[in-house]
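Reader: I am a first-year student and would like a close look at a single part of this structure, with the terms explained as you go. Could you take me through the paired aromatic rings carefully?

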Amino acid sequence: MQQRRQVGAYGLYRDDDRVLLVRGSAGAQFPGVWHLPGGVVEHAEHPAHAVLREVTAQTGLTVEVAGLRAVVADVIPFPEADVSLHTDRLVFDLAVTGGAPHDGRAGTTDSTRWFTSQEAAGVPLMPFTAELLGLPVEPLPAGRAAPSSFPPLGDRRLRFAAYGLVTDPHGRVLLTMIAERYPGAGLWHLPGGGTDHGEQPVPALLRELVEEAGQLGRVTELMGVDNLHNPAALGPEGRPLDWHGVRVIYRVVVDAPTEARVTEAAGGSTASAGWFTPDRLDGLPLTDVAAWATGRRRR
């Protein structure tokens with residue numbers, strides 16, 4: 001099967017003990033299945049902007065993002081299209097600023113409804129929605145969609161990545177330097193990298209931490225999401241590509257730090273790694289996301 005990827009942005013809005021869900025329409029990949037309002041992030045679009053657009057179109061509510069609650073991933077096969085679709089799903093907490101719920105007018109949803117947890121347990125749910133609501137997760141059957149429903153192949157590229165603000169008990173920060181021939185070469189960056197097809201973001205980050213710096217860490221907090229669009233990124237491919245990068249950032253603690261060393265498994269994109277005391281960070285050339293995470297740049 002062809003491996004395709006996309007990013008989805010969804011909103012969690014509660015009213016006391018009820019949660020707002022939408023139902024997939026006859027034109028959706030899973031008709032009749034309920035899920036948190038939201039949908040696919042467009043190329044170059046920030047996920048926080050996508051969730052506002054999708055929720056308003058599907059529910060009639062105008063909302064604002066109150067925080068990033070969770071990031072999960074799933075893979076669903078579409079045998080008729082010979083596609084295995086990996087979706088990274090970002091779930092935002094929402095605050096409503098206006099409007100009133102109505103049945104969906106976005107094409108892919110046809111109903112909007114409030115559910116208690118007990119009521120939601122009695123309807124078919126997308127697995128990521130059941131997981132976020134603390135309900136039993138039941139796998140879906142293979143999806144139904146035409147090949148045109150999936151992200152196109154070509155010189156537009158999507159990269160979903162997980163990075164960590166990694167610290168140790170001494171207050172040091174772990175950074176990695178981007179190697180030559182990669183965008184940002186020579187800059188110090190947060191440890192982490194792109195997730196593989198079928199991989200969840202937290203295991204991917206911990207894997208990258210071992211590969212890039214030889215450290216064992218534990219994730220303590222989801223900090224936020226960073227969006228990067230470079231329409232002419234020049235990397236190892238040897239030609240400019242239109243890259244859209246979605247990067248989630250976690251806090252990570254290494255309880256028993258060792259000397260930071262890059263392993264062969266890092267794949268050549270990391271030149272070196274090192275531990276830095278906070279006073280040394282001001283003199284380092286940092287990537288934008290590393291500067292933000294370490295407090296050297298405001299968002």
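Author: What follows looks at the aromatic pairs and the residues that form them. This is a predicted model, in which local features need pLDDT of at least 70 and side-chain atom pairs count only at pLDDT 80 or more, while totals for chains, interfaces and linings use all residues. Residues are numbered from 1 along each chain as its sequence is written, and side-chain values use heavy atoms, with hydrogens and water left out.

A pair of aromatic rings is described by the distance of the centres and the angle of the planes. Rings of Phe, Tyr and Trp (its six-membered ring) pair if their centres lie within 6.5 Å, and planes under 30 degrees apart count as stacked, over 60 as edge-to-face and the rest as tilted. By this rule there are 5 aromatic pairs. One of them joins Trp34 and Phe115, whose ring centres are 4.9 Å apart and whose planes stand at 75 degrees, so the pair is edge-to-face. Because Trp34 lies in strand 4 (residues 34-35) and Phe115 in strand 8 (residues 109-116), this pair ties together parts that are 81 residues apart in sequence; strands here are DSSP runs of E, at least two residues, numbered from the N terminus. Trp34 is buried, with a relative accessible area of 5%, and Phe115 is buried too, at 0%, where buried means under 20% relative accessible area, exposed over 50% and partly exposed in between (1.4 Å probe, protein chains only).

Trp188 and Phe276 form another pair, with ring centres 4.9 Å apart and planes at 75 degrees, so this pair is edge-to-face. Trp188 belongs to strand 11 (residues 188-189) and Phe276 to strand 15 (residues 270-276), so parts 88 residues apart in sequence are tied together.

Technical notes
Helix = DSSP H or I, 4+ residues; strand = E, 2+ residues; numbered from the N terminus.
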